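Reader: I should like to learn how contacts, burial, a disulfide, a core and charged pairs are read from a model. Could we take them in turn?

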Amino acid sequence: QVQVEESGGRSVQAGDSLTLSCVASGRPFSDITMGWFRQFPGKNREFVASVNWYGDKTNYEDSLKDRFTIARDNAKNTVYLWITSLKPEDTAIYYCAANTRWDYPYQPRFWGQGTQVTVSS
């Protein structure tokens with residue numbers, strides 16, 4: 001079992017940047033692949049980005065790759081999502097996810113509780 005906990009969501013202004021963090025525990029972090037999803041009100045969760053065990057391979061939703069960056073620090077059991085030039089339409093609950101597999105589309109087995117990002121114009 002893997003426990004996943006996100007942090008860093010907050011209210012920001014359009015054009016700001018934001019960093020979300022996610023800590024995973026329960027098994028060696030280097031055994032786990034990590035991903036980020038987001039959910040808009042009334043919608044299903046959507047894939048944002050994922051990163052493999054070593055951090056040298058990443059996947060992104062095509063429309064987001066210019067402003068979103070995923071990276072991991074295996075020494076800190078943490079994965080990050082950097083978001084630049086935030087837009088009101090980025091307002092969503094952001095979820096961190098984990099799996100032991102590296103697939104595309106990314107298929108999480110474990111989910112965090114989510115962290116709210118609100119972008120005001």
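Reader: Leaving out residues up to four places away in sequence, which residues does Ser21 touch?

Author: A contact list that sets aside sequence neighbours shows what the fold brings to a residue, and in this predicted model Ser21, which lies in strand β3, touches Glu5, Glu6, Ser7, Trp36, Thr78, Val79 and Tyr80.

Reader: Is Ser21 buried or exposed?

Author: Burial is judged from relative accessible area, with a cut-off of under 20%; the value for Ser21 is 19%, so Ser21 counts as buried.

Reader: How many disulfides does a search of the whole structure find, and which residues form a disulfide?

Author: The search finds 1 disulfide, formed by Cys22 and Cys96, whose sulfur atoms are 2.0 Å apart. The pair links distant parts of the chain, with Cys22 in strand β3 (residues 18-25) and Cys96 in strand β9 (residues 92-99), 74 residues apart. Cys22 is buried, with a relative accessible area of 0%, and Cys96 is likewise buried at 0%.

Reader: What does the torsion about the S-S bond of Cys22 and Cys96 say about the disulfide?

Author: The sign of the torsion gives the handedness: here the angle is about -85°, so the disulfide is left-handed.

Reader: Which residues touch the most other members of the largest nonpolar core?

Author: In soluble globular proteins, nonpolar side chains tend to be buried together. In this case the largest nonpolar core holds 30 residues, and those touching the most other members are Leu20, Met34, Trp36, Ile70, Val79, Leu81 and Tyr94. At least two residues of this core come from each of β3, β4 (33-39), β5 (45-51), β7 (68-73), β8 (78-83), β9 and β11 (115-120). Leu81 serves as an example, since its contacts, leaving aside neighbours within four places in sequence, include Leu18, Leu20, Trp36, Val48, Phe68, Ile70 and Tyr94.

Reader: How many salt bridges are there, and where is the pair of Asp90 and Arg67 placed?

Author: The count comes to 4 salt bridges. In the one between Asp90 and Arg67, the closest N and O atoms are 2.8 Å apart; this pair links distant parts of the chain, Asp90 being in the loop between β8 and β9 and Arg67 in the loop between β6 (58-60) and β7, 23 residues apart. Both Asp90 and Arg67 are buried, and a network of salt bridges links Arg38, Arg67 and Asp90.

Reader: What is the exposure of Asp62 and of Lys65?

Author: Asp62 forms a salt bridge with Lys65, the closest N and O atoms being 3.4 Å apart; Asp62 counts as exposed at 56% relative accessibility, while Lys65 is partly exposed at 44%.

How values were computed:
Residues are numbered from 1 along each chain as its sequence is written. This is a predicted model: local features need pLDDT of at least 70, side-chain atom pairs count only at pLDDT 80 or more; totals for chains, interfaces and linings use all residues. Side-chain values use heavy atoms; hydrogens and water are left out. A disulfide is a pair of cysteine sulfur atoms within 2.5 Å. Helices (H or I, at least four residues) and strands (E, at least two) are DSSP runs, numbered from the N terminus. Buried means under 20% relative accessible area, exposed over 50%, partly exposed in between (1.4 Å probe, protein chains only). A nonpolar core is a set of buried Ala, Val, Leu, Ile, Met, Phe, Trp, Tyr and Cys residues joined through side-chain atoms within 4.5 Å. Contact means heavy atoms within 4.5 Å. A salt bridge is a side-chain nitrogen of Lys or Arg within 4 Å of a carboxyl oxygen of Asp or Glu.
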